[in-house]
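Biologist: I would like to go through this chain with you. Please answer my questions one at a time.

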Amino acid sequence: VFALFQWTFDLTVLAALLGGAAVTTARVSAERDVAQTERDRAEATTAFVTSLFDAADPFASPTERPDTLRARDLLFRGADRARATLAAQPAALADVLTTIGEAFEGLSLYAEADSVLAGAVDAAREAGAPDVLARALMARGQARYLGEAPASSIPLLREALAVTEASDPDAEILARLHLGAALRRTGALGEAAAVLAAADVA
């Protein structure tokens, strides 16, 4: 009887160990897949952004000098190329369009930034990647509150905050900073203070 009990116990323990190993293996495999996806996205984004500036290389094209290209035209050209070449990679497309939109913001071309970032948000939604969506939403929100439509930035930034609250505490702080700035620009100082207080930056 003892031998039978011991044998049953050993089988139970073995099954538990094998089950735990299977769960661990599945988790490691899933994490590896996520990491590979992120690497692929980063590589695609880096390759595209690098190619974007090929036209600024005097050796890249004998017919087009870099001094004939204005930054605005180069960025719009890059956005068009991104839509054409990265359509099958929505996360990478969203990253590239967000980077281009942020570049427009750096030039104080907020309307141009908003138009490009609208596509970034759409691509990020298609990709289903919270970090990509949050970045695109914050960039578009910033373009609007720095431009001529601060009130319209608030729904975008509220969504960005909701996304980051559920997925990324560090990004949540940045989302609160953006939302607080937008609320201040619209005169909602009390709500802005509350939003910023939650990020310990009021």
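**Salt bridges, core and surface**

Modeller: I begin with one pair of charged residues: the side chains of glutamate 159 and arginine 125 form a salt bridge, with 2.5 Å from N to O. Keep in mind that this is a predicted model.

Biologist: Which helices does the pair of glutamate 159 and arginine 125 tie together?

Modeller: The two residues are 34 apart in sequence, so their salt bridge ties together separate parts of the chain. Glutamate 159 is partly exposed, with a relative accessible area of 25%, and arginine 125 is partly exposed at 43%. Glutamate 159 belongs to helix H6 and arginine 125 to helix H4, so the helices are H6 and H4.

Biologist: Are aspartate 114 and arginine 140 buried or exposed?

Modeller: Aspartate 114 and arginine 140 make a salt bridge whose closest N and O atoms are 2.8 Å apart. Aspartate 114 is in helix H4 and arginine 140 in helix H5, so the bridge ties together parts 26 residues apart in sequence. Buried means a relative accessible area under 20%. Both aspartate 114 and arginine 140 are buried.

Biologist: Which helices hold glutamate 191 and arginine 158?

Modeller: The side chains of glutamate 191 and arginine 158 meet in a salt bridge of 2.8 Å, N to O. This pair links distant parts of the chain, 33 residues apart. Glutamate 191 is partly exposed at 34% relative accessibility, and arginine 158 is partly exposed at 39%. Glutamate 191 is in helix H8 and arginine 158 in helix H6.

Biologist: Which residues are joined into one network by salt bridges that share partners?

Modeller: By the rule used here, the count of salt bridges comes to 11. Some of them share partners, and the network they make joins Arg72, Asp73 and Glu112.

Biologist: Which residues does glutamate 112 contact, leaving aside its neighbours within four places in sequence?

Modeller: Glutamate 112 is part of helix H4. Its relative accessibility is 17%, and the limit for buried is under 20%, so glutamate 112 counts as buried. With those neighbours left aside, the contacts of glutamate 112 are Arg72, Phe76 and Phe104.

Biologist: How many helices and how many strands does the chain have?

Modeller: Reading from the N terminus, the elements run α-α-α-α-α-α-α-α. The secondary structure therefore comes to 8 helices and 0 strands.

Biologist: Which helix supplies the largest share of the largest nonpolar core?

Modeller: This core has 39 residues, and Leu97, Ile100 and Leu179 touch the most other members. Helices H2, H3, H4, H5, H6, H7 and H8 each supply at least two of its residues. The largest share is 9 residues, and the helix that supplies it is H5.

Biologist: What span does helix H5 reach from its first C-alpha to its last?

Modeller: Helix H5 covers residues 130-146, which is 17 residues. Its buried residues include Val132, Leu133, Ala136, Leu137 and Arg140. At 1.5 Å a residue the expected span is 24 Å, and the model is close to that, with H5 reaching 24 Å.

Biologist: Which residues make the nonpolar surface patch of about 230 Å²?

Modeller: The accessible surface of the chain is about 11,300 Å², and 61% of it belongs to carbon and sulfur atoms. Isoleucine 173, in helix H7, has 37% relative accessibility and so counts as partly exposed. This residue is one member of the patch, which is made by Ile173, Leu174 and Leu177.

Biologist: What is the phi of serine 108?

Modeller: Serine 108 sits in the loop between H3 and H4. With 46% relative accessibility, serine 108 counts as partly exposed. Although serine 108 is not a glycine, its phi is positive, at about 65°.

Biologist: What distance separates the C-alpha atoms of proline 150 and arginine 184?

Modeller: Proline 150 lies in helix H6 and is partly exposed, with a relative accessible area of 21%. Not counting residues up to four places away in sequence, proline 150 touches Arg144, Tyr145, Arg185 and Thr186. Proline 150 and arginine 184 are 34 residues apart along the chain, and their C-alpha atoms are separated by 9.4 Å.

Definitions and conventions:
Residues are numbered from 1 along each chain as its sequence is written. This is a predicted model: local features need pLDDT of at least 70, side-chain atom pairs count only at pLDDT 80 or more; totals for chains, interfaces and linings use all residues. Side-chain values use heavy atoms; hydrogens and water are left out. Helices (H or I, at least four residues) and strands (E, at least two) are DSSP runs, numbered from the N terminus. The expected span of a helix is 1.5 Å times one less than its number of residues. Buried means under 20% relative accessible area, exposed over 50%, partly exposed in between (1.4 Å probe, protein chains only). A nonpolar core is a set of buried Ala, Val, Leu, Ile, Met, Phe, Trp, Tyr and Cys residues joined through side-chain atoms within 4.5 Å. Contact means heavy atoms within 4.5 Å. Accessible areas come from the Shrake-Rupley method with a 1.4 Å probe; for residues, only the protein chains shown count as cover. Patches are made of residues with over 30% relative accessible area and no salt bridge: like charges are joined within 9 Å, nonpolar side chains (Val, Leu, Ile, Met, Phe, Trp, Tyr) within 5 Å. A salt bridge is a side-chain nitrogen of Lys or Arg within 4 Å of a carboxyl oxygen of Asp or Glu.
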